[in-house]
Amino acid sequence: MQRNRRNPALLWCVMLSACWTPLEVRGSQPEIPLSVVKLWASAFGGEIKSIASKYSGSQLLQKKYKEYEKSVRIEEIDGAKLVKNLAQNMEEMFRKKAEATRRLVEAAEEAHLQHEENPDLQYEYFNAVLINEVDEDGNSVELGGEFLLEPNDHFNNLSVNLSLSVVQVPTNMYNKDPDIVNGVYWSEALNKVFVDNFRRDPTLIWQYFGSAKGFFRQYPGVKWYPDEHGVIAFDCRNRKWYIQAATSPKDVVILVDVSGSMKGLRLTIARQTVASILDTLGDDDFFNIIAYNQEIHYVEPCLNGTLVQADSTNKDHFKEHLDKLFAKGIGLLGNALSEAFTILNEINQTGRGSSCSQAIMLITDGATEMYDDVFAKYNWPERKVRIFPYLIGRESAFADNLKWMACANKGYFSQISTLADVQENVMRYLHVMSRPKVIDHEHDTVWTEAYVDSALAQAHKLGENKGPNPMTTVAMPVFSTKNETKNQGILLGVAGTDIPIQELMKVIPKHKLGIHGYAFAITSNGYLLLHPDLRPLYQEGQKRKKPSYSSVDLSEVEWEDTEDVLRTAMVNRKTGTFSMEVKRTVDKGKRVLTMHNDYYYTDIKGTPFSVGVALSRGHGKYFFKGNVSLEAGLHDLEQPDVALADEWTYCTTEEHHEHRHLTQVQAIKIYMTSRKPHFKCDRELIQQVLFDAVVTAPVEAYWTGLALNKSENSDKGVEIAFLGTRTGLSRTNLFVVPEQLTNRDFLTAEDKEGVFNADHFPLWYKRAAEQVPGTFVYSIPFSSGGENKSVVLASTAIQLLDDRKSPIVAAVGIQMKLEFFQRKFWTASRQCNALDGKCTISCDNEDIKCYLIDNNGFILVSEDTSQTNLFFGKVEGAVMNKLLLMGSFKKINLYDYQALCKEYAGSSDSARTLLDPFTTVKWLLTELVIFLLEFNLYSWWNCDSTVKAQRSQRTMMVPCDTEYPAFVSERTIKETTGNIDCNGCIRTFVIQQIPSSNLFMVVVENKCDCGSALPVTMEPIEIIYNESLKCDRLKFQKDRRRPQSCHPFHPEENAVECGSANALSFPLVAILIPALSLVISR
């Protein structure tokens, strides 16, 4: 599908032609002499390059690498071989995690087989919330007890217990329910397997068992904390890994009764029931929602007669529409059932859905007949569509009809009297859908795409600086293997383990991918598992969770591939190559690099994933190998100024506990000097990092000499010299004491873009590599919080050869004070070539304004210091517009399909209010009291909640698509003069490139008021889709590959277990009444 994009170039030209009238300079000299500006630019360029070259040691390093030019071997990188090896390494990693999960499954099934259910069982277990809690007398609370916890850096520095697991029970469930106590008792056997798995594979992180009864056993043991409302918003049974492992893919039509009898509380319960059903659907499922009375109403009218994929975006879209349901008229269920069967039949024939299980969810307060004629026409005798009726309310007059429908169509009947009943009753359908898989005893291994579980992170009290980290999960179902329950197909739960995406990145050979190259992986649905542009968190002062983080499609980051050629091939698990020109943003999205990428891709065996690598043409396709003696290499590698990339894997030290304490340098030394090292290393990478250590060693001695020379750098203008090489090796030298550094974040973990990471080279290295060899790139760092850093970075690339095929072997640079840099500029701009020394013009004159801007249009120097690091077009809109019109700069339109936009919203929107944990608990408890006491508390509390909601209105961040510009100078244009007509006043300007740099001096006459000119900004613009296009986007299904396993039904399935009306158990009531008092008191 082609995306809806404007023609920005045409619009731009129209705007410019309307606003600006180009004027010719006929014979007269411009009022700003070009020769003088050229003199200033030359003087400043020579001075600043001399400083940058001297203190960085760039010429020395270039010379040292040149000395090895004839002895090194340059190789072109074989992308196909590279991606094949990467796929094999990832396959091995995934296989180990799957084996660990399988051991958990086998142990769980054996433990359950040996266990006899005991409804009177009393058993004290470690409750994740209650451990280490004490009462007023200082005694451990029930289900708490003393639980040893120690900080562990492998688990995000959380305090954990590596010998035991803990058990979490959802807030709305009773800790001592007999089903839970029995399940917790037999699953204690998993503790031994958890510990053994971690011993075998120390790279494992969280292992767990999610029970069908609702409890969650997690290893290692860790304390859980409720949120500010006393709630833990986590139920393992509605997590993607649980749903995918428990059931086969399914097509679901949800029918909601909106006849007059459903008014008030019943419709509220119905809405929550629909929302809970949607939460149990995953990316391999398809659905639609139909409301019915005497007519049929599609909740999303544009999706009439079809189903949509149950991804996060589509589910959220439908949830927002639930508040539009209103009850009136009479309910004609027969018509609604016929419509649902028709949709499912057509979807099945066309293959546009899951092509597996099918179900109709019926949410109503009653049915006056059985509608056996409808079932006979559409569903019998095969009964391929299961029926799951949910009776809303306490009345049981029509329960028999609805239960008959369930029993006659292999479904399950549930009665939901209050909001407190919703979650548990909705979950029952999953057990029924899982029966065929259980009877087949198919332990299908499932994998999720990358996701962030914010509820789990909150419960663990992870700080924003620690996570939560994106991960994928491998999971398998756990079945009852008892002979007496075989045909009942009892699902016990799901076992799983998490794999951090950071762990996957460790197997990527970053040094082989080049400066701009990267690896990426996607699922069978086309969603990202791994990609450098995948953003788990949105930062605007603070980090915010993206609601649909787990559903970022490859086409949304590789958006230049408008025909989805790359995506389609990878989804279909092909092996091949693809090429295209791409635009990559750097420096927090403010700068853009244009390059041509070659893509290589293949599938990862044993998983639903495909992996690819992107190599940029030119220097990105070449690698070189040099040799030095082992003794010299290790000597220079162990110097104190040397550091290796933290997130690169030179040696794998995490596979054995005894090696975890080793640094990479220590591991390299052991590996290279031992006969039989007990860990794996990348020998090729190590040999090259040793080579780089030897070649760069003289630069460290050079820097030391400069630092010791008191006559040098007397004003402390230059603070740091640094270098980095293609192998992740870096060296730094401070010319001032650490306390005097202006920017202390540079080259630290806080400076994410300024250091070697698992998925990118440092920003100063990347930008230097795209400059003309021998020139420096200058910039002021952008900070996360918006404030400017008072420093300037200068860096240049070191090439091995003097041609395009030469690898960029290193980059060097300096950090200098902004004030020092600006002082050099103002000194240069006071020079002139007048014989008498009397200059007719200088930047001190009030008649002109002088700016120093970089190749992306950001201001480094201005008379108004508040303009530093602002975009030039925001300050001088008229001049920037003319530069764009003249071709000195060009505008590049970019797209962000992971953006968040501000939306003004009132809290009174009940669809969103219902999703608030505290509000949900209030509703749950209110309806429970109604049920118990028949007291009309609901009206009072709901009224109170509504009044408060109307008072509070807030701005929310919601997912959106945006278009935004970036600007780049035209390299071939070195100098330009121009004029602007500002309401009849002619304003002249000159732009002159600073030699050997990415900088431009802009001198503008100050005699005209051009304030009416519109500024040129870089602000993103939300792409607004009209209703027709919105509908097309909802309907459109990108290519996806269905899971190979499908278990829709089984001939031995026992369909007699088809439901009953259920009430809350007394113990849960006893727990919730005190909780109600607590909430009311708030």
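Here are three short exercises, with worked solutions, on the predicted model shown above.

**Exercise 1. Follow helix 13**

Task: Find where helix 13 bends, decide whether helix 13 is largely enclosed or open, and look at what follows.

Solution:
- Start by tracing helix 13 through residues 422-440; the bend, of about 45°, sits at S434.
- Next, look just past the bend: the proline P436 comes within four residues.
- Now check burial, where the cut-off is under 20% relative accessible area. In helix 13, 15 of the 19 residues are buried, so the rest of the structure largely encloses this helix.
- Finally, step off the end to H441, which has a positive phi, near 55°.

**Exercise 2. Order a three-stranded sheet**

Task: Work out the strand order of the open sheet of three strands, and say which strands lie at its edges.

Solution:
- The order reads 2-3-7, and the pairing is antiparallel.
- Strand 2 (150-152) and strand 7 (221-222) are the edge strands, since each pairs on one side only.
- Zoom in on strand 3 (residues 158-161): two bridges join it to strand 7. Here N161 stands opposite G221.

**Exercise 3. Build up the five-stranded sheet**

Task: Lay out the open sheet of five strands and find which strands helix 4 touches.

Solution:
- Write the order as 19-18-24-23-22, with antiparallel pairing.
- Mark the edges: strand 19 (528-530) and strand 22 (576-586).
- Add the twist, which averages 35° from one strand to the next.
- Place helix 4 (residues 79-114) on the sheet, where it touches strands 18, 19, 23 and 24. The direction of helix 4 makes about 145° with that of strand 24.
- Last, join strand 18 to strand 24 with five bridges; A519 stands opposite V613.

How values were computed:
Residues numbered from 1 in each chain as written. Predicted model: local features only at pLDDT ≥ 70, side-chain atom pairs only at ≥ 80, totals over all residues. Heavy atoms only, no water. Bend = angle between axes of the 7 residues up to and from the residue. Buried < 20%, exposed > 50% of the residue type's maximum accessible area, 1.4 Å probe, protein only. Pairing = 2+ DSSP bridges. Axes fitted to C-alpha atoms, helices over the stretch in contact; angles between N-to-C directions. Contact = heavy atoms within 4.5 Å.
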